[in-house]
Amino acid sequence: MSHFRSIHRGAYFAELRTTAVRKLLPESWGFMCPVHTPDGSPCGLLNHLTTSCIVVPNEASKEDRIEIGIINALSMVGLVRKDIKDIDPDHDTLVQLDAKYIGSIKTRDISSTVSYLRMMKAEKLAFELGQKTKIDELCQGVPHDMEIVYFPYKKGGIFPGMYLFSQGARMVRPVRQRSSKAIEFIGTLEQSMMSIHCPDGGDGGSRGLKFTHEELGPQQMLSVVASLTPYSDFNQSPRNMYQCQMAKQTMGTAAQALPHRTDNKLYRLQTPQTPIVRTQRYPIYSMDEFPNGTNAVVAVLAYTGYDMEDAMILNKSSVERGFAHASLYKTESINLSKEKGVNMQFKSSARKERPRAPPKGAFGAEYPRIPVDQSKQFVESPIIDSDGLPRVGAPVWTGETYYSATDTLTGKSKTGKLKGEETAVIDQVAIVGHGKQNEITHANIKLRFNRNPVIGDKFSSRHGQKGVLSRLYDDVDMPFSENSGMRPDLLINPHAFPSRMTIGMLIESLTGKSGALKGSFVDSSPFQSAEKACGTEELSICQEFCDALETAGFCKTGGETMVCGVSGEIFQVDTYIGVVYYQRLRHMVSDKFQVRSTGPINPLTRQPIKGRKFGGGIRFGEMERDSLLAHGAAYLLHDRLHSCSDYHVTDICCKCGLLVSTQNVPHSASTAHGVHATRVDTSSSRGRTICRVCESSKYVERIAVPYVFKYLVSELAAMNIRCSLDIKV
Ligand SMILES: [Zn+2]
């Protein structure tokens, strides 16, 4: 949804060196979210509309009627339709509608005209919303989303006049008129000419200014995603920006109609919860239908070394109880009709396979990688039914056949094997009809992969505090509260707070704890104190929850005396512990890990190829080389860069230093050439190696060099560049 409510300024602006285009301007207040923009190069260029912003639809067919309606309404308040040449610039003000000159109004009447039009706009809106049953005929003609901009005459100012806009593709947002308390839609240009009161509790920094309008609420300025961050007014602004990024990467509930969907890739949290601490916007967007996290008991504690630097410790028992369990759905679409000239049909294969070894572990957690029992006879695949499609619920191992098709004419069969490294479960098989044909040639097979938390998976609270799971601690080894005996689900390091200043997370922890004890949800909308009249109540946000904690028998500051789970000693200081809503992010080790002992190589350079998909290696470049050199790990360096990369043994002549001049001469041929050999290679029957330049094999030695180096020397030789090595034997 946030994708559909985003605006990109265009690729041209991204190249500009100036920062002006990325800045927040007064006219974008309330229309564009100041928080929800990515950091980095698209910052400020990719913006998101606020929750209250509406884009006016284009109604070209109604344009004429709207124009007549507006002119009629204006005629009642003194619009004179005379020629543009005849107007008196000292006393008349130009009126333009959608950039067309329509007449002029006496300058002294203009402010009353503007308020009259605004009143009509508000009336029309109230009528359209059904709040009013009757409406004046003149008001009927004025669209509720019309933009009324009045630029008064000012020396050196903008060209004065009244500019009206009624066409589509404009952004409008609701504000309240102070005098009548009626809602009115305003546009971007008119906003900069209006005095709108912000609910900051004070006078908005402009004492004595006569406000004509006021904002509906402080959350009007935030986008859909940004308004879901609890206590975002207590956080440092970049943290809220990070949360907006991460909210889109959470594994949550992406859709309700999962059985009817065939997504290419879809993550799903199996055990989501509704957050205890939530903003007012949360129920408005029906986020309970799409929950994307879990309430976790979080202790802020440096416990062992496993939670340093953004790493976090999870309670193993919590995970076993289902904390952050998730699945990945992938759909394989098989379309046999696309294969030209073949009459393929799904049919059980005639070819039989060896039976699988029985699975180990519960729920398929430890399926063997090569599931073949070599001792048994070939049998039909237990996964594939007689129709050639897999049985729903069947586990499929990597490389295992899970569907088969047979050519009705030739009898040749074709099978599909499971790609990737993970074991899948057949979640759903959907056959796709083709109208006239009776044969089924198209099927969507939905595969389910288990993605329960493993070490290295990414988690985040709603305050841009992301962390990586570093260890699953046994329940008995976790610290526990002396008071209640409660063990936390999650441990994070206190060093995550001072530099990031996510005070919102501390407050969420406290209010979440209080809410959990009381059994009620906590409103965590930002700028609550601003809404409550004035700054005097600022402290009350926490006070209310602190008192509730104290009533429930806890320390009102959220700290608790904790006992070390390993040694049984009481910690010297109180530990801050509370309930924080944690999201599981979809960056997982299972998708990213890259291991290689040996594998495919580039045929030209004989170096390992890159890319996880192909079983390639990770690039070990110059900087990595330097760091190993600096550590004095020369042997490791040699092992990585040479032995495990493109190890190659070749001949070199030590006299002339050439790699390319050596030539292997078979035994029989060597005598024919008449070359006198002094060094005879007796170990093999490969003959002797001679240097063609020195015409001798006396100085030829075998050396190990990276193959790319030999390749480089050969390439240079082809360009008449001699490359000789100084070899000391
Ligand atoms: Zn030589």
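Reader: What makes strands 17, 19 and 20 an open sheet?
Author: They line up in the order 17-19-20, with antiparallel pairing. Strand 17 (344-346) and strand 20 (413-417) are the edges, and each pairs on one side only. A strand here is a DSSP run of E, at least two residues, numbered from the N terminus. This is a predicted model: local features need pLDDT of at least 70, side-chain atom pairs count only at pLDDT 80 or more, and totals for chains, interfaces and linings use all residues. Residues are numbered from 1 along each chain as its sequence is written.

Reader: How do you know that strand 17 and strand 19 pair?
Author: Two strands pair if DSSP finds at least two bridges between them. Strand 17 and strand 19 (residues 401-407) have three bridges, so they pair. Gln345 stands opposite Thr406 in strand 19.

Reader: Which residues touch the most other members of the largest nonpolar core?
Author: They are Val298, Ala299, Met312, Leu490, Leu491, Ile492 and Val580, out of 65 residues. Such a core is a set of buried Ala, Val, Leu, Ile, Met, Phe, Trp, Tyr and Cys residues joined through C-beta atoms within 7 Å. Buried means that 20 or more other C-beta atoms lie within 10 Å of a residue's own, with C-beta atoms placed from the backbone. Strand 30 (residues 575-584) gives the largest share, six residues.

Reader: Why does this core lie between domain 1 and domain 2?
Author: Domain 1 (54-215) and domain 2 (232-253 + 273-325 + 458-584) both give residues to this core, so it lies between them. The domain bounds come from an automatic or database domain assignment.

Terms used
Helix = DSSP H or I, 4+ residues; strand = E, 2+ residues; numbered from the N terminus. Buried ≥ 20, exposed ≤ 12 C-beta atoms within 10 Å, placed from the backbone.
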